[in-house]
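Student: I would like to go through some labels with you and hear the reasoning behind each one. Shall we look at the model together?

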Amino acid sequence: MLKSAPARLAPKWFTSVMGTSIVANAAVTLPVPGLKPVAAVIWACAAAWLLVLCWKLVKSGPAPLDHFWGAPPMALLSVGAGALNFLGGTTGLAIDWTLWTAGTALGLFTTLAVPYRMITGRIDASEVSPTWLLPVVPPMVSATTGAALAAHLPDGQGKLALVLACYGFFGISLFATLALLPLIWGRLMRGGVPSPTLWIVLGPLGQSTTAALVLGEVAPAPYGNAARAFGLLYSVPTLGFAMLWLALAIAVTVKERPEFSLSWWAFTFPLGTCVTGASALSARTGSAVVTGLAVTLYVLLVALWLSVARKTRWRQT
C-alpha cells in the first residue's frame with residue numbers, strides 16, 4: 001500500500017513566528033527596565049519555532065504560491081533582528097546578516113511574483129482583502145532591519161549602498177501599499193472583510209513609520225539631517241492614521257467576535273510594528289505622550305499574543 005504524501009505546510013504558519021518575535025523585539029525599544037531577559041526567552045522560542053517550521057517546509061514541500069508566502073520572509077527578518085538584539089556580538093551579527101539576506105531575497109520575490117500571478121490570472125484577484133498586503137510588506141521589514149545592520153558598518157561606500165538599498169525597499173513596499181489601500185478601504189466600506197485580516201493593514205503603516213525613523217538615524221552625511229526630517233514628517237501622520245485604523249479594527253473585532261483560526265495571528269505582528277514605530281518616534285522627539293502610547297500598545301500586544309498563542313494548536317489550516 002502506497003503511503004500518502006505528507007500535507008504541505010501552509011505558509012501562514014510563519015505568522016506565528018512573526019507574532020512571537022515582534023513581542024520580543026518590541027520590548028527592547030521600550031524605556032521599561034527588566035523586559036530584556038524575558039524578551040530574550042520569547043525570541044529564543046520564536047527562533048526555535050522558525051527552525052521547526054523550516055524543517056517541516058523542506059520535508060513536506062512548498063505549498064502553491066499565494067499571498068501568505070509574504071509571511072516566511074518576514075519571519076526570517078524578524079528572527080534575524082532578534083539575534084542582533086539578544087545575542088549581539090559577532091554571532092548575532094552573522095545570524096542577522098544571513099537571515100536578512102535570505103529574507104530580503106525571498107521578500108523581493110514575493111513582492112514581484114504574487115502580484116504578477118494575480119495580474120495574469122493565476123491567483124484569484126476577484127475579491128480584494130487585506131491579505132493582499134502580505135507579499136508586498138517584506139521589503140519594508142528589510143528596510144527597517146537593514147538600518148540596524150547599517151549601524152554596524154563603518155562609514156563608506158558599503159554603508160551608503162546598504163542605506164540606499166533600504167530606502168529603495170522602503171519605496172517598493174510603500175507605493176505597492178498605497179496602490180492597494182484604496183481598494184481595501186473600498187471593500188471595507190462595502191462590508192465582508194473578516195476582522196482578523198483587517199489588522200494586517202497596521203503592518204505596513206507601523207513598519208513604514210519605524211523604517212522612516214530608524215533609517216534617518218543611520219543615513220550618512222550629508223544626508224542625515226534631511227533623512228531625519230523626512231522620518232519625522234512621515235511618521236507622525238502615518239502613525240496617526242494607524243491609530244485610526246486600530247480603533248476601527250478593534251471595534252469591528254469586538255462586534256464580530258470571530259472564532260479562532262490561524263488568522264488571529266494578524267492581531268500580533270501588525271500591532272507590534274505600531275509599538276516599534278511609536279517607540280522610534282518617542283526616541284526621536286522625547287515626547288512623554290508618545291512613550292505612553294508605545295507602552296500602552298505593547299501591553300495590548302502582549303495580551304493578544306498570550307491569547308493567540310494559548311489557542312494555537314498544531315494543525316494544517
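Student: Why is aspartate 155 called exposed?

Tutor: In this predicted model, aspartate 155 has a relative accessible area of 65%. The label exposed applies over 50%, so aspartate 155 is exposed.

Student: What makes lysine 159 buried?

Tutor: The relative accessible area of lysine 159 is 12%. Buried means under 20%, so the label fits lysine 159.

Student: Why is the contact of aspartate 155 and lysine 159 called a salt bridge?

Tutor: Their side chains meet at 3.3 Å, N to O. The cut-off is within 4 Å, between a Lys or Arg nitrogen and an Asp or Glu carboxyl oxygen, so this pair qualifies.

Student: What makes glutamate 217 and arginine 284 a salt bridge?

Tutor: The N to O distance is 3.9 Å, and the limit is 4 Å, so the pair counts. This pair links distant parts of the chain, with glutamate 217 in helix 8 and arginine 284 in helix 10, 67 residues apart.

Student: Why is glutamate 217 called partly exposed?

Tutor: Glutamate 217 has a relative accessible area of 48%. Partly exposed lies between the 20% and 50% cut-offs, so that label holds. Arginine 284, at 31%, is also partly exposed.

Student: How do you know that glutamate 127 and arginine 187 tie together parts that are apart in sequence?

Tutor: Their side chains form a salt bridge at 3.4 Å, N to O. Glutamate 127 lies in the loop between helix 4 and helix 5 and arginine 187 in helix 6, so the parts tied together are 60 residues apart in sequence.

How values were computed:
Residues numbered from 1 in each chain as written. Predicted model: local features only at pLDDT ≥ 70, side-chain atom pairs only at ≥ 80, totals over all residues. Heavy atoms only, no water. Helix = DSSP H or I, 4+ residues; strand = E, 2+ residues; numbered from the N terminus. Buried < 20%, exposed > 50% of the residue type's maximum accessible area, 1.4 Å probe, protein only.
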